[in-house]
Amino acid sequence: MELVQSRPESCSELRAHADGGHREQCWLSRRVAIFLLIAVLVKGLLLALVLSLFNMAAPGTEQSAGDAGKAAEVAGQLSECRAELRATSLLLHRISQDWQCQLCPGGWLWSRGSCYYFSVGLQEDRRWNESAAFCQQHDAHLAVIGDHREMEVIQAQMGTYEPMAFLWVGLTDSLEEGQWMWEDGQPHQDHTLSEVQWNSEERDCADIRGDGSLFASNCEAHGPWVCEKPWNPRKPSSPASLA
Ligand SMILES: *[C@@H]1O[C@H](CO)[C@@H](O)[C@H](O)[C@H]1NC(C)=O
């Protein structure tokens with residue numbers, strides 16, 4: 001928490017401050033919208049439950065006129081609730097479409113606290129070191145796959161593109177043969193992920209395949225890549241940083 005507020009000097013600083021304010025507002029409205037959505041959902045569930053109790057009550061026996069009336073009333077409330085739900089999801093969608101509300105820069109994908117960039121749209125393949133340099137230029141690094149869930153996220157995204165042979169990830173044994181290290185400095189052997197296959201002297205850079213396996217490849221090979229950066233809500237990000 002910054003206690004001392006510096007006075008904004010330049011125009012761009014002023015704008016950055018203004019953007020920061022907008023961002024906070026976005027957060028607030030997003031939270032409110034999510035809260036509303038949950039409230040409407042819970043209400044709908046309760047109404048549906050009450051309605052099903054009415055319908056289940058004493059099968060075979062005549063429903064009293066009073067019960068039938070109540071059931072109709074609940075059914076009416078339930079359909080109102082559905083309309084509310086539609087309106088609230090639309091609201092949440094609108095808020096999320098606002099670029100300043102977006103969790104990641106334009107073109108980056110948010111998942112579990114990280115922003116990912118898949119180079120696929122660039123139609124351009126690079127060596128491993130060039131891919132790593134690209135990520136660095138965007139305040140990121142080649143993806144460090146920390147666990148199976150992260151692997152699944154990346155695999156799922158790979159599946160949405162045209163058949164893709166592989167993606168460079170931030171794993172290399174170029175410092176010491178056979179000692180695979182992730183870009184965050186973690187040795188691969190500490191991970192529960194599968195072994196790097198096809199390792200040899202000339203294959204020092206790792207790629208991920210669509211089935212979630214990791215392969216050693218020649219670092220000079222050209223391919224697409226995936227960058228990752230921690231998502232930081234406080235740091236303003238430009239929507240057109242990749243344009
Ligand atoms: C990547 O490696 C190649 C040769 O292996 C070298 O020519 C090139 O300058 C390197 N690029 C970067 C960005 O490090």
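**Exercise 1. Decide whether the two partners of the disulfide between cysteine 135 and cysteine 227 are buried or exposed, and describe their link.**

Step 1. Cysteine 135 and cysteine 227 are both buried, where buried means under 20% relative accessible area, exposed means over 50% and partly exposed lies in between, with a 1.4 Å probe and protein chains only. The model is predicted, so that local features need pLDDT of at least 70 and side-chain atom pairs count only at pLDDT 80 or more, while totals for chains, interfaces and linings use all residues. Residues are numbered from 1 along each chain as its sequence is written, and side-chain values use heavy atoms, with hydrogens and water left out.

Step 2. The sulfur atoms of cysteine 135 and cysteine 227 lie 2.0 Å apart and form a disulfide, a term that covers a pair of cysteine sulfur atoms within 2.5 Å. The torsion about the S-S bond of this pair is about -85°, so the disulfide is left-handed.

Step 3. The bond links distant parts of the chain, with cysteine 135 in helix 3 and cysteine 227 in strand 9 (residues 226-230), 92 residues apart. Helices (H or I, at least four residues) and strands (E, at least two) are DSSP runs, numbered from the N terminus.

**Exercise 2. State how many disulfides a search of the whole structure finds, and characterise the pairs that contain cysteine 104 and cysteine 205.**

Step 1. The search of the whole structure finds three disulfides.

Step 2. Cysteine 104 is joined to cysteine 115 with an S to S distance of 2.1 Å, and the value of -85° about the S-S bond makes this link left-handed. The two ends belong to distant parts of the chain, eleven residues apart: cysteine 104 sits in the loop between helix 2 (65-97) and strand 1 (109-111), and cysteine 115 in strand 2. Cysteine 104 has a relative accessible area of 6% and is therefore buried, and cysteine 115, at 2%, also counts as buried.

Step 3. Cysteine 205 and cysteine 219 form a disulfide with their sulfur atoms 2.0 Å apart, and with 100° about the S-S bond this link is right-handed. Cysteine 205 lies in strand 7 and cysteine 219 in the loop between strand 8 and strand 9, 14 residues apart. With relative accessible areas of 2% for cysteine 205 and 18% for cysteine 219, each is buried.

**Exercise 3. Work out in which order the five strands of the open sheet stand, and how strand 8 is paired.**

Step 1. The order is 5-4-7-8-6, with mixed pairing; two strands pair if DSSP finds at least two bridges between them. Strand 5 (181-182) and strand 6 (196-197) are the edge strands, each pairing on one side only.

Step 2. At one edge, strand 4 and strand 5 pair in the antiparallel sense over two bridges, and threonine 172 stands opposite methionine 181 in strand 5.

Step 3. Strand 8 runs antiparallel to strand 7, to which four bridges join it, and alanine 206 stands opposite alanine 216 in strand 8. Strand 7 and strand 8 form a hairpin with five residues between them, and glycine 212 in the turn has a positive phi of about 90°.

Step 4. With strand 6, strand 8 pairs in the parallel sense over two bridges, and leucine 214 in strand 8 is the bridge partner of valine 196. Leu214 and Ala216 point one way from strand 8, whereas Phe215 and Ser217 point the other way, and all are buried.

**Exercise 4. Identify which helices lie against the strands, and which residues touch the most other members of the largest nonpolar core.**

Step 1. Helix 3 (residues 128-137) lies across strand 4 and strand 7 and runs at about 90° to strand 4; axes are lines fitted to C-alpha atoms, for helices over the stretch in contact, and angles run from 0 to 180 degrees between N-to-C directions. Helix 4 packs on the sheet, touching strand 4, strand 7 and strand 8, and its direction makes about 65° with that of strand 7.

Step 2. The largest nonpolar core has 20 residues, of which Ile145, Ile154, Val169, Leu171, Trp182, Ile208 and Leu214 touch the most other members. Such a core is a set of buried Ala, Val, Leu, Ile, Met, Phe, Trp, Tyr and Cys residues joined through side-chain atoms within 4.5 Å. The elements that give two or more residues to this core include helix 4 (148-160) and strand 4 (167-172).

Step 3. Leaving aside neighbours within four places in sequence, tryptophan 182 is in contact with residues including Ile145, Val169, Leu171 and Leu214, contact meaning heavy atoms within 4.5 Å.
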